[in-house]
Amino acid sequence: MNKFMWMIVGGIAGAIGGILLTPRSGEETRNIVAEQAEKVAKDAQDLGSQAVSSIQEGIKQATDKGSEVVNKVQEAAGKGAEAAVDKNEELRAKIDAARERIAAQVKANAADAASAAKEEIPVAADEAEKAVDTAEKKVEHATK
């Protein structure tokens with residue numbers, strides 16, 4: 001049980017014991033009972049006020065702590081968003097650099113292929129011309 005309940009039980013037990021065990025007149029007993037009831041009521045009121053103060057302080061502390069947690073979460077979320085933006089920009093830069101390297105390599109490969117083709121085409125043309133000449137001679141020789 002909490003303090004308040006023990007106080008009530010103790011007050012009631014004391015009042016009952018005082019009434020039953022005192023050899024006083026009825027008026028004196030009633031006065032004592034009234035005084036005890038007032039004391040119990042005052043103590044209950046004081047204890048209630050203390051409970052209200054404690055609850056209000058607990059609510060204030062919980063509110064302050066909740067605000068602190070919300071601020072920390074918002075701050076962390078902001079930092080996370082900034083980090084994501086920074087990482088995104090970094091990745092975009094890497095992708096752009098890779099694209100430039102690939103484009104340069106493709107261009108170099110095309111230039112090498114064109115250069116090789118320039119060298120090979122005349123050789124292939126000469127061989128084709130020789131083959132045509134040989135074929136013409138064979139046809140002439142066969143028709144004679």
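**Val 40 and its surroundings**

Once its neighbours within four places in sequence are set aside, Val 40 touches Met 7 and Gly 11. Keep in mind that this is a predicted model. Here is a short tour, starting from that valine and moving out to the two helices, α1 and α2.

**Val 40**
- Val 40 belongs to helix α2.
- Its relative accessibility is 21%, so Val 40 counts as partly exposed; the buried class ends at under 20%.
- Between Val 40 and Ala 84 there are 65 Å from C-alpha to C-alpha, for a separation of 44 residues in sequence.

**Helix α2**
- This helix takes in residues 26-143, which makes 118 residues.
- From first C-alpha to last, α2 reaches 163 Å, close to the 176 Å expected at 1.5 Å a residue.
- At Glu 120 the helix α2 bends by about 25 degrees. A proline, Pro 122, follows within four residues of that bend.
- Thr 29, Ala 44 and Leu 47 are buried residues in α2.

**Helix α1 and the surface patch**
- Helix α1 covers residues 3-21, and Trp 6 lies in this helix.
- Is Trp 6 buried or exposed? Trp 6 counts as exposed because its relative accessibility is 52%, and the exposed class is over 50%.
- Trp 6 also joins Met 5 and Val 9 in a nonpolar patch on the surface. Together, these three residues have about 300 Å² of accessible area.

Definitions and conventions
Residues are numbered from 1 along each chain as its sequence is written. This is a predicted model: local features need pLDDT of at least 70, side-chain atom pairs count only at pLDDT 80 or more; totals for chains, interfaces and linings use all residues. Side-chain values use heavy atoms; hydrogens and water are left out. Patches are made of residues with over 30% relative accessible area and no salt bridge: like charges are joined within 9 Å, nonpolar side chains (Val, Leu, Ile, Met, Phe, Trp, Tyr) within 5 Å. Accessible areas come from the Shrake-Rupley method with a 1.4 Å probe; for residues, only the protein chains shown count as cover. A salt bridge is a side-chain nitrogen of Lys or Arg within 4 Å of a carboxyl oxygen of Asp or Glu. Buried means under 20% relative accessible area, exposed over 50%, partly exposed in between (1.4 Å probe, protein chains only). The expected span of a helix is 1.5 Å times one less than its number of residues. The bend at a residue is the angle between axes fitted to the seven residues ending there and the seven starting there. Contact means heavy atoms within 4.5 Å.
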